[in-house]
Amino acid sequence: MTNDDIMTVEEVAKYLKLKPQTVYKWAQEGQIPGTKLGKEWRFRRRILDEWIDTSIALSEGGFDLMYQQSLLAVRRGALAEKDIDKLLEGLDEG
Amino acid sequence: MRANLSGREPLRVVLAPDVIGKGFFNADCREVLESWRDGAIVPVVTRDLLLRYVKLLRGLRIPDAQIRTWILWLTAEGKSLHLPDTTTPGRSCEEVLLEAANAGGAAPIVSVKPKPANGENQVDWITAGVLLKSLQQ
């Protein structure tokens, strides 16, 4: 299956390890990105992957990961608080 | 806007870039960021402010993958009040913060720096510590 494959409700349910009824309900409520072709819902795998990645990034765990990895980068860069002050002064230039 | 776990509406604020920058060194600033994560506050983010946040994060040598996640948080509905249309080049950081505060309905500005002495505006300018106390009440 490629990233551009079109998926049915049943295929999405299997992929996301959910019940088909849940996928159908979420699709009806607009909670999961898909489109209705006639009476049938269809989904694109690439868009589902992006949707999952975004959902994870916007979770509390995603925030913590973002903060921790940013903190690591700051430490790796050996930036001190006075370096931050210089950076902040530079922001006035837009 | 969605209420957080405490049942209160998130407090709309403008985060000065120094709160994010110092969030890697200062406990109060880090706690402000955590209150954002937990939905207790929702930052007002204009385009000019977003550009400054990104410039700061790049200056901190944070990898692009993490910067993309910061941008997601700074622009996603429910995580921030993103006002992408407001932009005027060549202004100071203080002017950008005031604009965001006014655009966000007089949202207080949270900053490490004290309120500028020449500030004749009606916008509240508070420290991270003051914000945290008000969230505990």
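**Exercise 1. Work out how strand E1 of chain B is paired with E2 and E4.**

Start with E2: E1(B) and E2(B) run parallel and are joined by three bridges. Strands here are DSSP runs of E with at least two residues, helices are runs of H or I with at least four, and both are numbered from the N terminus. Two strands count as paired if DSSP finds at least two bridges between them. For a concrete example, Arg12(B) has Val42(B) in E2(B) as its bridge partner.

Now turn to E4. Two bridges link E1 (residues 11–15) to E4 (residues 109–110) of chain B, again parallel. Here Val14(B) partners Ile109(B), and Leu15(B) partners Val110(B).

Before going on, a quick note: this is a predicted model, where local features need pLDDT of at least 70 and side-chain atom pairs count only at pLDDT 80 or more, while totals for chains, interfaces and linings use all residues. Residues are numbered from 1 along each chain as its sequence is written, chains are lettered from A and ligands numbered from 1 in the order in which they are written, and side-chain values use heavy atoms, leaving out hydrogens and water.

**Exercise 2. Put the strands of the chain B sheet in order and find its edges.**

First, write the order: five strands make an open, parallel sheet, E3-E2-E1-E4-E5. Next, look at the ends. E3 (81–83) and E5 (125–126) of chain B each have a single partner strand, so one side of each lacks a neighbour in the sheet.

**Exercise 3. Describe how helices H2 and H4 of chain B pack.**

Step one is the geometry: H2 (residues 27–37) and H4 (residues 64–75) of chain B pack at about 65 degrees, with axes 12 Å apart. Axes are lines fitted to C-alpha atoms, for helices over the stretch in contact, and angles run from 0 to 180 degrees between N-to-C directions.

Step two is the residues. Leu33(B), Trp36(B) and Arg37(B) of H2(B) meet Trp70(B), Trp73(B) and Leu74(B) of H4(B); contact means heavy atoms within 4.5 Å. Sorted by type, the residues of this contact are five nonpolar, no polar and one charged. Nonpolar covers Ala, Val, Leu, Ile, Met, Phe, Trp, Tyr, Cys and Pro; charged covers Asp, Glu, Lys and Arg; the others, Gly among them, are polar.
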